[in-house]
Amino acid sequence: MSNITSFILTHWLDITTTLLGLAYIFLEYKASIWLWLVGFVMQVLDIVLYYEHGLYADCGMEFYYIAMTIYGFITWKYVKGKNKQQSDLPITHFKKSLILPWVIATMVLWGGIWWMLVTQTDSRVPVADSFTTALSFVGIWALARKYLEQWLIWIVVDVVTFALYFYKGIPFKACLYALYVAIAILGYVRWKKMMKEQSSPLH
């Protein structure tokens, strides 16, 4: 068996989920509803990948992602917003009334997951793993609601995750998250422009 073949067999799950992740972030950038279908497949495979590498919080998070993927698809498909003439759920700002509740919820989740990882698992990265998991709870929900600021949340998550995955020996996935940071910045700019266009009298 050649070194290349051996490498691919060893990292096939990492490679596959990375390719799916590229498709996912591109569809998210385009605000395409198909991102939810790609995301579902990627999340199922990620459960196996993260479990194998001892990223237990990330592994558990994928079950929540799957639930939010179903919710996001239904919301994007059938919820039209205040303007019933719009064919799609409009991009809006994160509601100010929800900021404090989500900050509190994120801190509580972070502490709870951190404690669980320290006491119930052999995780060597409980702080970072629990942080990205807790913050991702609000990130995927904000994406499902099509809030512009979801991109800002993902920038923070992606930076920390990039460093975490390199440390844990998942190089392809780590590089994917480095790319995510750049795309998230571009995505924020694009969604902001789309939000202005959809509020224009001509739309």
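Where in the chain is the place of A31? In this predicted model, A31 sits in the loop that lies between α1 (3–29) and α2. The surroundings of this loop are taken up below, after an account of the chain as a whole.

The secondary structure of the chain amounts to seven helices and zero strands. Followed along the sequence, the pattern reads α-α-α-α-α-α-α. The C-alpha trace spans about 60 × 40 × 25 Å along its principal axes. The radius of gyration of the chain is 18 Å, which agrees with the value near 17 Å that a compact globule of 203 residues would have.

Burial and contacts were examined next. Of the 203 residues of the chain, 45% count as buried. Where contacts join residues at least 6 apart in sequence, 69% of these contacts are between residues at least 24 apart. The area exposed by the chain is about 10900 Å², and carbon and sulfur atoms supply 72% of that area. Charged side chains comprise 16 positive and 12 negative ones, and a distance of 14 Å separates the centres of the two sets.

The loop between α1 and α2 holds both A31 and S32. The phi angle of A31 is near 60°, which is a positive value in a residue other than glycine. A31 has a relative accessible area of 15% and is therefore buried, since the cut-off for burial is under 20%. S32, with a relative accessible area of 17%, is likewise buried. When neighbours within four places in sequence are left aside, S32 is in contact with L27 and W76.

A positive phi is also found at K146, where the angle is near 65° in a residue other than glycine. K146 belongs to the loop between α5 (126–144) and α6 (150–167). The relative accessibility of K146 is 7%, so this residue counts as buried.

Helix α2 includes L35, and the same helix, which covers residues 35–52, includes Y51. These two residues differ in exposure: L35 counts as buried at 0% relative accessibility, whereas Y51 counts as exposed at 56%. Beyond the neighbours within four places in sequence, the contacts of L35 are with Y24, L27, E28, W76 and L143. One of these partners, Y24, is eleven residues from L35 in sequence, and the C-alpha atoms of the pair are 5.2 Å apart in space. Two of the residues in contact with L35, namely L27 and W76, are also in contact with S32. For Y51, with neighbours within four places in sequence again left aside, the contacts are with Y56 and C59.

Helix α3 (residues 56–78) contains F73. The relative accessible area of F73 is 38%, so F73 is partly exposed, a class that lies between the 20% and 50% cut-offs. Residues up to four places away in sequence not being counted, F73 touches I33 and W36. F73 and W34 are 39 residues apart in sequence, while their C-alpha atoms are 8.4 Å apart in space.

Cysteine residues were considered last. A disulfide is a covalent bond between the sulfur atoms of two cysteines. The structure holds zero disulfides. C59 has a relative accessible area of 8% and is buried, whereas C175, with a relative accessible area of 44%, is partly exposed. C59 is one of the residues in contact with Y51, so a buried cysteine is here in contact with a tyrosine that counts as exposed.

Methods: Residues numbered from 1 in each chain as written. Predicted model: local features only at pLDDT ≥ 70, side-chain atom pairs only at ≥ 80, totals over all residues. Heavy atoms only, no water. Helix = DSSP H or I, 4+ residues; strand = E, 2+ residues; numbered from the N terminus. Rg over C-alpha atoms; globule rule 2.2 N^0.38 Å. Buried < 20%, exposed > 50% of the residue type's maximum accessible area, 1.4 Å probe, protein only. Contact = heavy atoms within 4.5 Å. Areas by Shrake-Rupley, 256 points an atom, 1.4 Å probe, with all protein chains shown as cover. Lys, Arg positive; Asp, Glu negative; His and termini not counted. Charge placed at Lys NZ, Arg CZ, Asp CG, Glu CD. Disulfide = S-S within 2.5 Å.
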